[in-house]
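The exercises below concern how two parts of one chain meet, and each task is followed by a solution in steps.

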Protein chains: 2
Amino acid sequence: MTTTRERLVESARQLIAEQGYGPTTVAQVVKRADAHPGSLYHAFPTKQDLLVAVLENYLTRLRPQIVGPAWQDVDDPIERVFALLGLYRKLLVQSDHLFGCPIGSIALELHDPDPPVRALLVRNFDQWIGAVEECFAAAVDRLPADADPKKLATFVLTTMEGGVMLARSYRSLDAFDAAVASLRDYIARLTTPRTGGTR
Amino acid sequence: MTTTRERLVESARQLIAEQGYGPTTVAQVVKRADAHPGSLYHAFPTKQDLLVAVLENYLTRLRPQIVGPAWQDVDDPIERVFALLGLYRKLLVQSDHLFGCPIGSIALELHDPDPPVRALLVRNFDQWIGAVEECFAAAVDRLPADADPKKLATFVLTTMEGGVMLARSYRSLDAFDAAVASLRDYIARLTTPRTGGTR
DNA sequence: GTCTATATACGGATAGAC
DNA sequence: GTCTATCCGTATATAGAC
């Protein structure tokens with residue numbers, strides 16, 4: 001059983017992911033949720049309040065919807081990093097290269113978001129970085145002594161965000177794959193120092 | 001001496017960079033260009049035609065406005081890669097972390113751009129990658145035999161785009177610096193194999 | 001707390017004189 | 001090719017009955 005409020009947030013989440021925040025109208029949200037304008041404005045006085053709820057919802061979805069499935073059959077911490085990137089690749093394939101990271105898309109669409117929105121974007125990025133940071137932290141014994149798990153996790157995020165951006169623009173996985181392959185090469189050189197070179 | 005058309009494109013370019021494409025209104029463009037609606041619609045029948053002109057304009061600006069200044073005092077091809085990233089860092093500092101790559105921002109704002117727009121986004125990305133690819137091509141003798149200059153250049157672009165995205169969201173250079181430092185570490189390990197590890 | 005109907009503002013685009 | 005004035009659709013948000 002779902003409440004009207006839950007259906008509104010879910011509808012808004014989908015529409016914003018598909019079209020962006022600006023182009024998504026409250027009328028569309030109301031229609032997809034099979035609700036009415038009065039109900040929406042009762043739960044969310046402004047459109048931005050709805051966006052805040054969507055961004056809070058993404059915080060609760062990262063582990064069960066993204067990280068969990070990606071790590072389902074992968075135990076090695078370093079491989080989990082690339083399993084996560086592999087999931088984004090799968091989403092690109094499934095969507096015919098239309099997929100975009102919803103957080104990254106909102107972050108770039110809104111050039112100067114109001115503080116509550118920006119704070120939630122930051123929390124979403126922090127959570128993603130934190131998940132990847134766990135992997136590198138679990139593999140510290142295979143990394144150089146001066147390696148910084150959080151720094152590496154941030155690098156993984158920039159690679160994902162940049163890769164998804166280019167995949168959608170090029171309608172091709174080439175750039176995404178090139179970036180991820182380079183990242184894999186880097187991590188391989190980090191984890192197995194002094195033996196690479198010829199592969 | 002500038003034509004009305006040139007002033008319109010320049011005004012649109014600035015406003016779109018500041019606010020995004022959707023939020024920029026033709027009324028704003030006309031006002032900043034000190035022109036009138038009739039003139040704009042004479043030169044650009046639709047708002048999208050104006051966007052196309054802006055994206056074509058960016059193609060002509062990359063070398064003189066971005067790449068040229070970044071490489072002014074840098075001859076080493078590998079250092080030129082990081083000088084270019086350094087310029088983006090400078091733009092972030094100067095703008096109090098509000099800067100965003102205009103091409104990347106438009107690419108993510110428009111979830112499914114019309115073909116002429118998408119083609120121009122691709123040409124802009126291609127041109128950026130091409131400039132960095134030149135650097136790696138000029139340094140092939142210092143790279144592993146199987147290194148691919150274009151692949152590396154694409155990786156640099158994802159790092160820049162992801163880094164700029166995070167810098168603007170966090171209002172901080174930390175994530176940008178972490179990504180660029182990781183990239184530098186990678187390139188260092190590529191160019192000086194079998195000697196790294198302790199730095 | 002849900003619904004219908006609507007106010008109010010603003011956007012892109014156009015008309016037509018000059 | 002430039003200007004003034006304006007149309008028309010649509011968007012957020014509100015009013016107020018139930």
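**Exercise 1.** Describe the placement of the two domains in this predicted model and the number of residues that each brings to the contact.

*Solution.* Taken over C-alpha atoms, the centres of domain 1 of chain A and domain 2 of chain A are separated by 27 Å. At the contact, domain 1 of chain A supplies 17 residues, while domain 2 of chain A supplies 14 residues. As for the bounds, domain 1 of chain A covers 1-45, and domain 2 of chain A covers 46-197.

**Exercise 2.** State how much area is buried between domain 1 of chain A and domain 2 of chain A, and find which residues of domain 1 of chain A lose the most area.

*Solution.* The buried area is about 1,400 Å², and carbon and sulfur atoms give 68% of that area. On the side of domain 1 of chain A, the residues that lose the most area to domain 2 of chain A are R13(A), Y21(A) and F44(A), which together account for 46% of what that side buries.

**Exercise 3.** Characterise the polar links between the two domains, and then the make-up of the side that domain 1 of chain A presents to domain 2 of chain A.

*Solution.* Begin with the pairings: the count of salt bridges between the domains is 0, whereas 7 residue pairs, both members at pLDDT 80 or more, are in polar contact. Turning to elements, α1 (4-19) and α2 (26-32) of chain A are those that give two or more residues to the side of domain 1 of chain A that touches domain 2 of chain A, and the largest share, 7 residues, comes from α1(A). Finally, the residues of that side divide into 12 nonpolar, 3 polar and 2 charged.

Methods:
Residues numbered from 1 in each chain as written. Chains lettered and ligands numbered in written order. Predicted model: local features only at pLDDT ≥ 70, side-chain atom pairs only at ≥ 80, totals over all residues. Heavy atoms only, no water. Domains from an automatic or database assignment. Contact = heavy atoms within 4.5 Å. Buried area = accessible area lost by both parts, 1.4 Å probe. Salt bridge = Lys/Arg side-chain N within 4 Å of Asp/Glu carboxyl O. Polar contact = N/O pair within 3.5 Å; in protein donor to acceptor, adjacent residues only side chain to side chain. Helix = DSSP H or I, 4+ residues; strand = E, 2+ residues; numbered from the N terminus. Nonpolar A, V, L, I, M, F, W, Y, C, P; charged D, E, K, R; others polar.
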